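Biologist: Could you take me through a close look at the part where the two chains meet, and then show me what lies around it in the rest of the model? I'd be glad of a connected account.

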Amino acid sequence: MDILFLLVPLSVVLVLAILAGLWWAVERGQFEGIEQEASRILQDD
Amino acid sequence: MAHSSPSPPPASSASSASVNPLDGVSAAQTADFAVLDDPQEWLAFGKPLDASVDASDPFPDSTSPSTTWQSQVTVQGMHCAACALTVERAMTALPGVVQAQVNAATGRAQVVWRSGQIKPSDWMGAVQAAGYGILPANDASLVDQRKTEERRALWRWLVAALCMMQVMMYAYPTYSALPGDMSTDSLHLMHWAGWVLTLPLLFFSCWPFFESAWRDLTHRSISMDLPVALGLLVTFGVSTAATFDPNGVFGDEVYFDSMSMFVFFLLSARWLEQRLKNRTAGALDVLMNRLPESVERRGQNGEPNQRVALRELRVGDEVRVLPGEAFPADGEVLSGDTWADEALLTGESAPVHYAPGSSTTSGAHNLQSAVWIRVLRLGKDTRLAAIVDLMSQAALEKPRLAQLADRVATPFLWLVLLAALLAAVFGWRVSPNHGLMVAVSVLIVTCPCALSLATPVAMLAAAGRLARGGVLVQHLQALETLAGVDRVVFDKTGTLTQDALHIDQIWVRPGVTREQALSAGAALAAHSLHPLSRALVKYSEASTPVSSGCSGSKKERHGVSAPMEIKDVSETAGQGLSAAGGWRLGSAAWCHVDLSPGSLAGGPVAPGRHRVYLSDAQGWLATFEGAELLRPDAQATVQALKALGLSVALLSGDRPEAAKQVAAELGIAPDLAFGGCTPEDKLTQLQAWQKAGHRTLMVGDGFNDGPVLAGAQVSMAFGEAVPIARARSDMVLLSTQLLQVPRTVHLARRTLRVVKQNLIWAALYNALCVPLAILGYLPAWLAGLGMATSSLVVVLNAARLSWPGRAEHPLKS
């Protein structure tokens, strides 16, 4: 199980990367105005 | 910054239709949009998009290109996304509007337009013509600020969620491994990984706790964030020591999983609480969206007098302040004689006499008659800034129950810290690790937050729900008092009956035409805010020969044209108006009119009919008669109040027969209906009832019932009340629906029940869990779960109050 000594630190890095992605999403307002998206289908354009 | 805070529209006689921002906009508002064409107003609800333009000087040169502005507005009356499209198309169809984005869910719109090609009143008028209400969004900056805060809170919560999940993944093997299965190195690897992922949690998600705890320490006070921050620090410290020095004094057990779970639960509870608060604050801030306040200014060089926005006033202008309005500036009285209330400024409730030559104070309320003043000093703190301040103060004011809870919470927290210390000392004997973790459990499991949260959260939820229904709560304490009320007292004219009197018969003295009598009467009535005067002005506007068929052209309403200059008008409460030259307008006694059968003045008054008489130096001139209509929901309101167990009373300044008739129609007991009351009579009767042990709610419009509104335990200013009544009463009914009265009482009772439930829960929870933690039965993660659940329970219980639906009052199906 020595491979764990590579995989676990790799997973830590992955989590940090996901956190960075979440930061980007929140800052760009991806989580706001969710109700409006549902009615986008009704628009003509 | 030179813009004054926005305000509710004045109860002016020129535009007497009631403005109801929650139900759609009346026709009179088309004229008022013109106030927004002033470029100086644009900054209040928008910003220029061209960076090169100097925003403080937006007057475009006729040769220079126009400026592009981006403005925020609120739109009322949209039911779905299709409505949003309609509004968008209505605006973009106009030349000069570059872009319009309307959000049906939030009711807000953003409009980009060019100032040289189109004016705000044009595109606002287009929306109104499409059938929707529209108002400038003066709270846009507050909305932005809240959005930033919400984003930050969401980010913290997401970090906590992700880290919690991953740390649990690393901790799981340590739980499920059989002894000997896992090598020490692997164990240390897992601990290290957990440590690394707890770091973002500590720095991002836990930051608010540390900040608040630091503030407590520097101020030598205590709040519930201090035990939480202590618990977090101790846990992290012990676990870090165990990670890097497993053979040290703190053992080799780590608690990263407990800590991250605890932070996640706590942040979830707080996020829900923040959303509730924001929704409430949002509902209250929406009331800031009003057209700017205006005042009548004398026209220069023969131009007619005009209503202008307050900020257009200059030193030296002459303005007329009607009774019930507030003085817009510090000035000097030119003509007229009146009494003014400066209580909001000086605290003295005795009125001050203003005669020609005396100085007026900005913000004082004109109580008696209209006066002309010359503006000497313009202040940035107008009347409305004071009211808005009062509103925001009221939101911070803590009701009695909340103060009680706070007083208990502080010593309780000290006890908790002490208990944690003792538990640590006793547990140290087993092992330092164990002792510290028991202390952490004690610190974390206690939830005095439930105690402190119980009342404010419920009151805020109720206030927000009420604000959405058109009831503005100015004193949160009133909700508590309202729950214990057992008698509701109504004013008649303007409250139980509709504001608009339908004038349908006019008698005139031989030799005078109807039009002359009407214009004379309206000129006099323009100086008063009494419902009968307003009805007369409205009727005269409606029947000017130029605009037959429609209710007055735009031009008529922009200016208050005064074909007859009436001088020295003074109003006597309950009687009428008088002016120089022997003019009198008012009741029969006031105008010295003979009402015997067969007289030219119309004979005795039939029940249910209301009259206003006009007389001049030669005697009776005209009689205007009309019928007063009851509000459509008045009867349902009285029934609903009775079903709630309240007794209903009526105090009216009108004739006793009229009062008795209305009482009979609505089902009010005859011994509780009084007519012919002066304001003092009303107060005396109210005090008699209060002495008999009744707790009263008074609903009125402030006209002739100012003292009794102040004297009742709870007061509600109704609809277009006199501004001073709106400022002084506990609640303001902005939507003129009487049914809101029983609904509010019902909600107040529910609120009090919820508060009691919350307090009982908080007490029971702490009484049970703290001993358990001291004895060592609660592991840290369970303690965290307990605390978060406890505050969640309180918040959700309170949130029930703001959910729509479920029978709101006994008569609603």
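Modeller: Happy to! The contact draws 17 residues from chain A and 19 residues from chain B, where two residues are in contact if their C-beta atoms, placed from the backbone, lie within 7 Å. On the chain A side, the elements that give two or more residues are α1 (4-27) and α2 (34-38) of chain A. Helices here are DSSP runs of H or I with at least four residues, strands are runs of E with at least two, and both are numbered from the N terminus. α1(A) gives the most to this side, with 10 residues. By class, the side of chain A that touches chain B has 13 nonpolar, three polar and one charged residues; Ala, Val, Leu, Ile, Met, Phe, Trp, Tyr, Cys and Pro count as nonpolar, Asp, Glu, Lys and Arg as charged, and the others, Gly among them, as polar.

This is a predicted model, in which local features need pLDDT of at least 70 and side-chain atom pairs count only at pLDDT 80 or more, while totals for chains, interfaces and linings use all residues. Residues are numbered from 1 along each chain as its sequence is written, and chains are lettered from A and ligands numbered from 1 in the order in which they are written. The predictor gives the complex an ipTM of 0.91 and a pTM of 0.61.

Chain A itself has two helices and zero strands. Of its 45 residues, 4% count as buried, meaning that 20 or more other C-beta atoms lie within 10 Å of the residue's own (exposed is 12 or fewer, partly exposed in between), with C-beta atoms placed from the backbone.

Now to chain B. Its average pLDDT, the predictor's confidence in each residue from 0 to 100, is 77, and 80% of the residues score at least 70. Among the elements of chain B, helix α6 (residues 184-205) has the highest mean, 92, and helix α19 (residues 554-558) the lowest, 36. Over residues 1-31 of chain B the pLDDT is below 50, and this stretch has 87 contacts in the model beyond near neighbours in sequence. Residues 60-64 of chain B are also below 50, with four such contacts.

In helix α4 (residues 120-129) of chain B, the buried residues include B:W123, B:M124 and B:V127. After α4(B) comes B:G131, with a positive phi near 105 degrees.

Further along, helix α25 (residues 740-774) and helix α26 (residues 780-799) of chain B pack at an angle of about 175 degrees, with axes 10 Å apart. Axes are lines fitted to C-alpha atoms, for helices over the stretch in contact, and angles run from 0 to 180 degrees between N-to-C directions. That angle makes α25(B) roughly antiparallel to α26(B), the term for angles over 145 (under 35 is roughly parallel, 65 to 115 roughly perpendicular, the rest oblique). Among the residues that meet are B:W761 and B:Y765 in α25(B) and B:V793 and B:V794 in α26(B). The residues of this contact divide into 10 nonpolar, five polar and no charged.

Last, the strands, which pair if DSSP finds at least two bridges between them. Strand β14 (residues 371-377) of chain B pairs in the antiparallel sense with strand β8 (residues 318-321) of chain B over four bridges, and with strand β9 (residues 330-335) of chain B over five. B:I373 in β14(B) is the bridge partner of B:V319 and also stands opposite B:V333.
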